[in-house]
Structure formats: structure tokens, C-alpha cells
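Let's take a walk through this structure, looking at its aromatic rings and then at its pockets. Have the sequence and the 3D view open as you read.

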Amino acid sequence: MIGQTVKELLLEKQENFLIDGDKVATLLDTHPLTHAFLVLTKVGYTKIPVLNSDDELVGFIGLAQVVDNMLAIDGVDFAQLDGKIVSDVMDSEVASIREFDDVERLFHLAVDHAFIPVTNEKNEFIGIVTRRELFKAINHLIHTIESDYDILKKKNYELVK
Ligand code: AMP
């Protein structure tokens, strides 16, 4: 379990590791797959969040899922995307956190996911936390903790070499 003090120290810097929703490339579940292809190619991210018209997080979509739908027997055919929309191919299993209620869960999710979407209590998308930003926050913490705080060792233990 992450102790309360460490949680507070980490969350002191939460504005540094939350990438605000308006700076995050997203798609709507109703967007045509042709549009998704263009957006994903342009932004260059492996996968991005999908929202519905109420700004709720409903899935993820990546270029691989779109290209997979372009495959024909004799190669790649862009026309295969005609009539298909994002919700037809997106991954609806969304692992997200509700603001910063559960730091424990945030770190567990960051082990397997390059980014974690953050929602508010109305389930509206408010941004993402990337593993990179989280790592930068930890890096800052471990470099400053001993100069900024008095740390008392409670137990004696032998260092294993
Ligand atoms: P990074 O740690 O910056 O490489 O980002 C990890 C992943 O988070 C990227 O591959 C994207 O899937 C997602 N991501 C990061 N920044 C953005 C953004 N501004 N818009 C959409 N997705 C993003």
C-alpha cells in the first residue's frame, strides 16, 4: 500500500502530470474510420481516447485497428473503411481513473498502459496521465525528497549488496 505521506507528495505535483483534455487528441465514437485514419496518422500516437457526444470516455482507438479494417485479399484497400465508424472497431475496455481518488490504481495501471485517461465524477473526460509524465514526477520527488524533508528511518535493516 502507498502510504498517505507519499501519496500527498506525489499529488502535490498532479498538475504537472495531468495532460489537460483540451491538449489531448481524441476522436468521437461517431467519427467515420476514414477520419480516424487521418487523425491517427497526423498525431502520430499509437492510440488515443474515444469520447461520445456527452464528453464521456467510451474507448480507445489506434492506427493498427483502423489499418486492420483496410486489409483486403490482395492488399490494402482504403475503400474498405467506407461506412464504418469509430465505435465499430474501438476497444471499449477502458482502464481509467476518477480524478486522483486512487493513486494506488493509477500506478498499477501505468505498469501496463502508456497513458491512463482521467474522468470526473460525471464520467466526463478531463485528460490523461502518461507514464512519461508520471515518471518525471517520481524522478523529481526522489531527487528532492531528502533536501526538502526530514526522513526518519524507523527500522534497522541490513542493506543487501
Ligand atoms: P508519451 O509518454 O508522451 O510517449 O505518450 C504515451 C501515449 O499517450 C502516446 O502513445 C499516446 O497514446 C498517448 N498520448 C500522449 N500525449 C497525447 C496527446 N496529446 N493526445 C493523445 N494521446 C496522447
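This is a predicted model, and a search through the whole of it turns up two aromatic pairs. Start with F37 and F78, which meet edge-to-face, with 5.3 Å from centre to centre and 70° between the planes. This pair links distant parts of the chain: F37 belongs to helix α3 (residues 33–43), while F78 sits in the loop between β6 (75–76) and α5 (86–89), 41 residues apart. As for exposure, F78 is partly exposed, with a relative accessible area of 38%.

Now find the other pair, F60 and F115, again edge-to-face, at 5.4 Å centre to centre and 80° between the planes. F60 is in strand β4 (residues 57–62) and F115 is in strand β8 (residues 115–119), so this pair ties together parts that are 55 residues apart in sequence. Both F60 and F115 are buried. F60 has another neighbour to look for: K47 lies over its face, at 4.3 Å from the ring centre.

On to the pockets. The largest pocket has a volume of about 410 Å³. It is lined by 18 residues, and K47 and F115 are among the closest to its centre, along with Y45, I128 and T130. Strands β3 (47–51) and β9 (125–130) and helix α7 (131–148) each supply at least two lining residues. By type, the lining splits into nine nonpolar, three polar and six charged residues.

The second largest pocket has a volume of about 180 Å³. Helix α1 (residues 4–12) gives the most to its lining, with three residues. Six of the lining residues are nonpolar, one is polar and one is charged.

Definitions and conventions: Residues numbered from 1 in each chain as written. Predicted model: local features only at pLDDT ≥ 70, side-chain atom pairs only at ≥ 80, totals over all residues. Heavy atoms only, no water. 1 Å grid on protein atoms, 1.4 Å probe; cavity = no way out; pocket = protein on both sides within 12 Å on 5 of 7 lines; lining within 4 Å. Points joined across faces, edges and corners; volume = space filled by probe spheres on them. Helix = DSSP H or I, 4+ residues; strand = E, 2+ residues; numbered from the N terminus. Nonpolar A, V, L, I, M, F, W, Y, C, P; charged D, E, K, R; others polar. Phe/Tyr/Trp six-rings, centres within 6.5 Å; stacked < 30°, edge-to-face > 60°. Buried < 20%, exposed > 50% of the residue type's maximum accessible area, 1.4 Å probe, protein only. Lys NZ or Arg CZ within 6 Å of the ring centre and 35° of its normal.
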